[in-house]
Amino acid sequence: MKGISLGRKHKLLLSVFHRPVKQTGFYTRPLAIKMKIEINKTFKLKKGEISFDPSGLKISDNSKKQNLMQLLSSGMWTIYGVISVFRYFKTGDQFLLWSGLFIGLAHLVLFSLNLFRSNKNVILFDDIKSIKVGERFSNKVLDIRLKNNRLRRVTGVQNSQELDDYINQILRTR
């Protein structure tokens with residue numbers, strides 16, 4: 001099967017809808033023709049949706065805003081912990097030392113973990129390392145581990161069992 005060679009600008013546009021065969025820039029027919037399942041399917045979230053395409057998935061949610069708020073909050077609590085430790089040196093109160101260390105270190109760990117989160121809205125199947133549906137604090141979430149070891153977490157999944165069955169069906173056919 002022969003493909004067409006495209007310029008650099010057009011490769012980026014077609015890479016979302018077609019699967020690359022080689023590094024030379026040749027593209028085959030879309031994956032939906034090869035797969036015998038319904039590939040264009042959309043699942044609702046509490047605030048957004050996930051849609052599966054022949055080459056990957058598109059997520060529309062407010063993850064960028066959530067991640068920014070978590071980074072800002074963790075950063076402020078880390079600064080508060082450091083200030084509490086400095087206040088201990090001035091007053092000698094043991095409570096300021098231990099509470100400041102606990103708050104500061106806990107939020108520093110959360111801050112560093114949030115740096116390894118991804119906010120990509122379009123994820124190709126070739127970039128996905130693992131994908132699973134889970135539950136965190138009675139919220140249904142979809143965890144997508146990317147090949148660059150970043151995590152894309154989608155919260156508020158409504159039909160988690162249907163989504164899990166669909167993901168298993170896709171992974172079996174790939």
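**Figure 1. Ser160, a buried residue in helix 5.** In this predicted model, Ser160 is buried, with a relative accessible area of 16%. The cut-off helps here: a residue counts as buried when its relative accessible area is under 20%. Ser160 belongs to helix 5, which covers residues 160–173. Look also for Gly134, which is 26 residues away along the chain. The C-alpha atoms of Ser160 and Gly134 are separated by 8.3 Å.

**Figure 2. The whole protein, for orientation.** Before the next close-ups, here is the overall plan. The secondary structure comes to five helices and seven strands. Following the sequence, you will meet them in the pattern α-α-β-β-β-α-α-β-β-β-β-α. The protein has 174 residues, and buried residues make up 32% of them.

**Figure 3. The largest pocket and its lining.** How much space lies in the largest pocket? The volume is about 490 Å³. The lining is made of 21 residues, and those closest to the centre of the pocket are Gln70, Asn114, Arg117, Arg153 and Thr155. Two or more lining residues come from each of these elements: helix 3 (63–91), helix 4, strand 6 (139–146) and strand 7 (151–155). Which element gives the most to this lining? Helix 3 does, with six residues. By character, the lining residues divide into 12 polar, five nonpolar and four charged.

**Figure 4. Asn114, a pocket residue in helix 4.** Asn114 is one of the residues closest to the centre of the largest pocket, and its place is in helix 4. Is Asn114 buried or exposed? With a relative accessible area of 8%, Asn114 is buried. Asn67 is a useful partner to find in this view: Asn114 and Asn67 are 47 residues apart along the chain, and their C-alpha atoms are separated by 7.0 Å.

**Figure 5. A salt bridge between strand 6 and strand 7.** The side chains of Arg153 and Asp143 meet here in a salt bridge, at 2.7 Å from N to O. Arg153 lies in strand 7 and Asp143 in strand 6, so the pair ties together parts that are 10 residues apart in sequence. Arg153 is partly exposed, at 21% relative accessible area, whereas Asp143 is buried, at 7%. You may remember Arg153 from the pocket view, as one of the residues closest to the centre of the largest pocket.

**Figure 6. Asn149, in the loop between strand 6 and strand 7.** Stay with these two strands and look at the loop between them, where Asn149 has its place. What is special about phi of Asn149? Phi is near 65°, a positive value in a residue other than glycine. Asn149 counts as partly exposed, with 44% relative accessibility.

**Figure 7. Two further salt bridges.** The structure holds four salt bridges, and two of them are shown here. In one, Lys58 pairs with Asp53, with the closest N and O atoms 3.7 Å apart. Lys58 is partly exposed, at 31% relative accessible area, while Asp53 counts as buried, at 15% relative accessibility. In the other, Asp127 pairs with Lys120, and the closest N and O atoms are 3.6 Å apart. Asp127 counts as partly exposed, at 28% relative accessibility, and Lys120 is partly exposed too, with a relative accessible area of 34%.

**Figure 8. A nonpolar patch on the surface.** Which residues make this nonpolar surface patch? They are Trp98, Leu101, Leu105 and Leu108, and the patch has an area of about 410 Å². Leu105 is found in helix 4, which covers residues 94–114. Why does Leu105 count as exposed? Its relative accessibility is 52%, and a residue counts as exposed when this value is over 50%.

**Figure 9. Ser84, a buried residue in helix 3.** To finish, find Ser84 in helix 3. Ser84 counts as buried, at 1% relative accessibility. Ser99 is 15 residues from Ser84 along the chain, and the C-alpha atoms of Ser84 and Ser99 are separated by 7.6 Å.

Notes
Residues numbered from 1 in each chain as written. Predicted model: local features only at pLDDT ≥ 70, side-chain atom pairs only at ≥ 80, totals over all residues. Heavy atoms only, no water. Patch = residues over 30% accessible without salt bridge, like charges linked within 9 Å, V, L, I, M, F, W, Y side chains within 5 Å. Areas by Shrake-Rupley, 256 points an atom, 1.4 Å probe, with all protein chains shown as cover. Helix = DSSP H or I, 4+ residues; strand = E, 2+ residues; numbered from the N terminus. Buried < 20%, exposed > 50% of the residue type's maximum accessible area, 1.4 Å probe, protein only. 1 Å grid on protein atoms, 1.4 Å probe; cavity = no way out; pocket = protein on both sides within 12 Å on 5 of 7 lines; lining within 4 Å. Points joined across faces, edges and corners; volume = space filled by probe spheres on them. Nonpolar A, V, L, I, M, F, W, Y, C, P; charged D, E, K, R; others polar.
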